[in-house]
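Thanks for coming, everyone. Please put the structure up on the screen, and I will walk you through it.

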Amino acid sequence: MRFRNVLTVMSTLFATTAAMLVLAPSASAASPSAACGSGYSRVGHYSVDPIYGSGAAGYLDIYYSSGTGKNCAVVYPTSENQGETTEMWVHISKANGTSADYDLGDYTYYAGPVYVSAPGDCIDAQGSLSFPGSATVPGVTFTRKLNNVHCG
């Protein structure tokens with residue numbers, strides 16, 4: 001009888017753990033707006049547009065924390081392209097080029113967060129999204145570059 005109770009408890013524990021692993025959202029699926037952490041407010045939302053045509057390929061968001069004096073940047077594709085692995089790059093620095101931080105990689109939801117401490121200074125930021133091509137269609141990269149923004 002005791003052995004049966006132990007097996008019941010163990011199987012219940014295993015099933016609960018397995019369900020939590022399957023149902024838990026991955027860290028990369030988190031919202032870009034939460035990527036910088038608590039205390040950050042969005043101060044800029046910029047579309048990463050194709051050179052030709054209309055519509056955004058993605059967005060470059062800039063956040064600021066008055067508590068830390070830091071700016072944060074995140075780049076992400078539009079909702080219809082999220083969930084697909086895309087090469088993304090995000091960069092932030094003081095406008096004079098110092099104190100730079102960047103993130104480059106193949107991501108599913110967003111690149112970043114990247115941070116720079118720039119109280120009283122302007123910042124530069126850049127975000128890029130590269131979509132792979134195929135045998136008949138070349139790949140394409142979309143970039144948004146901001147210079148001397150969010151001064152203060």
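I will start with the overall layout, then take the sheet, the aromatic pairs and the salt bridges.

One caution before the tour. This is a predicted model. Please keep that in mind throughout.

So, what does the secondary structure come to? One helix and eight strands. Now follow the chain from the N terminus. The order is α-β-β-β-β-β-β-β-β. The helix, helix 1, covers residues 2-23. After a loop comes strand 1, at 41-48. Strand 2 takes residues 58-65, and strand 3 takes residues 70-77.

A few overall values. The protein has 152 residues, and 34% of them count as buried. It exposes about 9000 Å². Carbon and sulfur atoms supply 57% of that area. Next, the contacts. Take those between residues at least 6 apart in sequence. Of these, 50% join residues at least 24 apart.

Now the sheet. In what order do the strands of the open four-stranded sheet lie? The order is 5-4-7-8, and the pairing is antiparallel. Strand 5 and strand 8 are the edges, each pairing on one side only. Strand 8 spans 140-149. From one strand to the next, the twist averages 5°.

Let us cross this sheet pair by pair. Begin with strand 4, residues 86-94, and strand 5, residues 101-107. They are antiparallel, with seven bridges. If you want a landmark, find Glu87. Across from Glu87, in strand 5, is Asp106. These two strands also make a hairpin, with six residues between them. Look at Gly97 in that turn. Its phi is positive, at about 90°.

Step over to the other neighbour of strand 4. That is strand 7, residues 123-131. Again the sense is antiparallel, here over eight bridges. His91 has Gln126 of strand 7 as its bridge partner.

One more step takes us to the edge. Strand 7 and strand 8 run antiparallel and are joined by eight bridges. The landmark here is Ser128, with Thr143 opposite in strand 8. A general point while we are on strands. Side chains in a regular strand alternate between the two faces of the sheet.

On to the aromatic residues. How many aromatic pairs does the structure hold? Three. I will show two of them. One is Tyr40 with Tyr115. Their ring centres are 5.8 Å apart, with 55° between the planes, so the pair counts as tilted, falling between the 30 and 60 degree limits. Where do the partners sit? Tyr40 is in the loop between helix 1 and strand 1, and Tyr115 is in strand 6, residues 111-117. They are 75 residues apart, so this pair links distant parts of the chain. How covered are they? Tyr40 has a relative accessible area of 17%, so it is buried, under the 20% cut-off. Tyr115 comes in at 27%, which means partly exposed.

The other pair is Tyr59 with Tyr76. This one is tilted too, at 5.7 Å centre to centre and 40° between the planes. Tyr59 belongs to strand 2 and Tyr76 to strand 3, 17 residues apart. Tyr59 is partly exposed at 24% relative accessibility. Tyr76 is buried, at 11%.

Last topic: charges. Side chains of opposite charge can pair when their charged atoms come close. How many salt bridges does the count come to? Two.

Take Asp61 and Arg42. Their side chains meet at 3.3 Å, N to O. Asp61 is in strand 2 and Arg42 in strand 1, so the salt bridge ties together parts 19 residues apart in sequence. Now compare the accessibilities. Asp61 is buried, with a relative accessible area of 1%. Arg42 is partly exposed, at 48%.

Then there is Asp121 with Lys94. Here the closest N and O atoms are 3.5 Å apart. Asp121 lies in the loop between strand 6 and strand 7, while Lys94 is in strand 4. The two residues are 27 apart, and the pair links distant parts of the chain. Asp121 counts as partly exposed, at 30% relative accessibility.

To recap the sheet, keep the order 5-4-7-8 in mind. And remember that the model is predicted. Thank you.

Notes:
Residues are numbered from 1 along each chain as its sequence is written. This is a predicted model: local features need pLDDT of at least 70, side-chain atom pairs count only at pLDDT 80 or more; totals for chains, interfaces and linings use all residues. Side-chain values use heavy atoms; hydrogens and water are left out. Two strands pair if DSSP finds at least two bridges between them. Rings of Phe, Tyr and Trp (its six-membered ring) pair if their centres lie within 6.5 Å; planes under 30 degrees apart count as stacked, over 60 as edge-to-face and the rest as tilted. Buried means under 20% relative accessible area, exposed over 50%, partly exposed in between (1.4 Å probe, protein chains only). Contact means heavy atoms within 4.5 Å. Accessible areas come from the Shrake-Rupley method with a 1.4 Å probe; for residues, only the protein chains shown count as cover. Axes are lines fitted to C-alpha atoms, for helices over the stretch in contact, and angles run from 0 to 180 degrees between N-to-C directions. A salt bridge is a side-chain nitrogen of Lys or Arg within 4 Å of a carboxyl oxygen of Asp or Glu.
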